[in-house]
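Morning, everyone. I have one structure to walk you through today. Please have it open in front of you.

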Amino acid sequence: MGKEKNDSFDARLQSAERRYGLVKEEKPQLDANVEADRSLAALAFRAGTEMLAGLVVGVAMGWELDHWLHTRAVFLVIFALLGGSAGMLNVWRLVRTMDVK
Amino acid sequence: MAGGSSINVLEQFELHPVLGGLGEALRFSQSPLYMIAAVCLVLAFLYFGMRPAAVVPGRLQAAAEVCYEFIHNMAVDTIGPEGAAFFPFIFTLFFFILAGNYIGLLPFSFTFTSHIAVTFAMAFMVFLLTVVVSLKVQGLRFFAHFMPDGASPFLAPLLIPIEILSFLSRPVSLSIRLFANMVAGHVMFDIFASFVIMLASFGVVGDVFAIGPIAINVALMALELLVGVLQAYVFAILTCIYLREAVAH
């Protein structure tokens, strides 16, 4: 009986503390990646830039290699494809962490 | 903003020499001027905020302490105990970008974060730091990350270049994100402001309808205040994530 009373007191104390914001609410631990883009629009924008960034790096590298080795468009084609794949990989890495939870 | 019916929305991003003859001689444009202003603003905020050094902080001191603790927690929570070593760098980066974004929202001012040269320079600095830290912590094992675990060795010629390109694309995506957000926001301001001028040429009816774009611009200002802090936060947290990968064994 006495124990039960204590329990109810503890429960009431806890709820009162929570009401006045004295206890820290346990925040669900999110991955920092997910936390950085909570809104869907931000995520979509981030996925877009990740994809574009891969392609930009690939094309830039292919362009420079072609320029340097005087092989017109061979490296540009190869590196554009590789860069596009790298962009897809970036997006995959970004989205995969969201799927787990 | 140009007069007449044609309004060039990208004109606001052009660089001009400032400070008269001296600026002309030094090729000193408004971009470095506003960078210096941003640095001075942050330093003044921290200096005057922390000068009382009171046990019970006043308003400005409390604000300065909140800023300090916010970044410190972010660095330590994301990177781990080693994060404390990178805290000054991340703090500087975050407040430099934040001050730049916010100063750019003042009328007649210039947003230096709207230039990809600036954002890429910062992102490349972060990239170099992560590479140096990775090489120092992990040594040559760092290069093993470019081969995914459990993949067939026959696929290595294809997978390794893709992984390397993916790694190299980090500073690019980091810089494009900040730059594109800033440019998009300021272009929208200009477009809606130009609607007001266009409508004003239609007489009284136009004057009444011009309230619409003005209201949208007010709402956009609220959005830009959010975007300014969000992009600074994203830049800082991604720096933390990259550094966490660098210090992980």
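How many residues does the contact take from chain B, and how many from chain A? Chain B gives 17 residues and chain A gives 19. Keep in mind that this is a predicted model.

Start with the chain B side. Two helices, α6 (156-200) and α8, each supply at least two residues of the side that touches chain A. The largest share comes from α6(B), with 11 residues. By class, that side of chain B has 12 nonpolar, 4 polar and 1 charged residues.

Now chain A. Chain A has 4 helices and 0 strands. Along the sequence the pattern reads α-α-α-α. Chain A has 101 residues, and 22% of them count as buried. Next, its contacts with a separation of 6 or more. Of those, 61% are between residues 24 or more positions apart.

Let's look at one helix pair across the two chains. Take helix α3 of chain A, residues 40-69, and set it against α6(B). Their axes come within 7 Å and cross at roughly 125°. An angle over 145 degrees would count as roughly antiparallel, and 65 to 115 as roughly perpendicular. The crossing falls in neither range, so α3(A) is oblique to α6(B). The crossing of these two helices is right-handed.

Who makes this contact? On α3(A), the residues include R46(A), T49(A), E50(A), L52(A) and A53(A). On α6(B), they include L165(B), L168(B), V172(B), I176(B) and R177(B). Sorted by class, the contact of α3(A) with α6(B) has 9 nonpolar, 6 polar and 3 charged residues.

Next, a pair inside chain B. Helix α4 covers residues 83-103, and helix α8 covers residues 211-247. Their axes come within 9 Å and cross at roughly 155°. Therefore α4(B) is roughly antiparallel to α8(B). Here too the crossing is a right-handed one. From α4(B), the contact uses residues such as F86(B), I90(B), L93(B), F94(B) and I97(B), among others. From α8(B), the residues include V229(B), A232(B), F235(B), A236(B) and L243(B). What classes do the residues of this contact fall into? There are 13 nonpolar, 5 polar and no charged residues.

Now helix α5 of chain B, residues 116-138. Here is a quick check you can do yourselves. At 1.5 Å a residue, its 23 residues should span 33 Å. The end C-alpha atoms are 31 Å apart, which agrees.

Which residues of α5(B) are buried? They are V118(B), T119(B), M122(B), A123(B), V126(B), F127(B), T130(B) and S134(B). Look at the spacing of those numbers. An α-helix has 3.6 residues a turn, so residues three or four places apart point the same way. And what do the buried residues of α5(B) pack against? They pack against α2 (30-50), α4, α6 and α8 of chain B. Just after α5(B) comes G139(B), which takes a positive phi of about 65°.

Last stop: F48(B), in helix α2 of chain B. Is F48(B) buried or exposed? F48(B) has 12 C-beta neighbours inside 10 Å, so it counts as exposed. The cut-off for exposed is 12 or fewer. Now find L60(B), 12 residues away from F48(B) along the chain. The C-alpha atoms of F48(B) and L60(B) are separated by 7.7 Å.

That's my tour. Thanks for listening.

Methods. Residues numbered from 1 in each chain as written. Chains lettered and ligands numbered in written order. Predicted model: local features only at pLDDT ≥ 70, side-chain atom pairs only at ≥ 80, totals over all residues. Axes fitted to C-alpha atoms, helices over the stretch in contact; angles between N-to-C directions. Parallel < 35°, antiparallel > 145°, perpendicular 65-115°, else oblique. Left-handed = near helix turned anticlockwise from the far one by under 90°. Contact = placed C-beta atoms within 7 Å. Nonpolar A, V, L, I, M, F, W, Y, C, P; charged D, E, K, R; others polar. Expected span 1.5 Å × (residues − 1). Buried ≥ 20, exposed ≤ 12 C-beta atoms within 10 Å, placed from the backbone.
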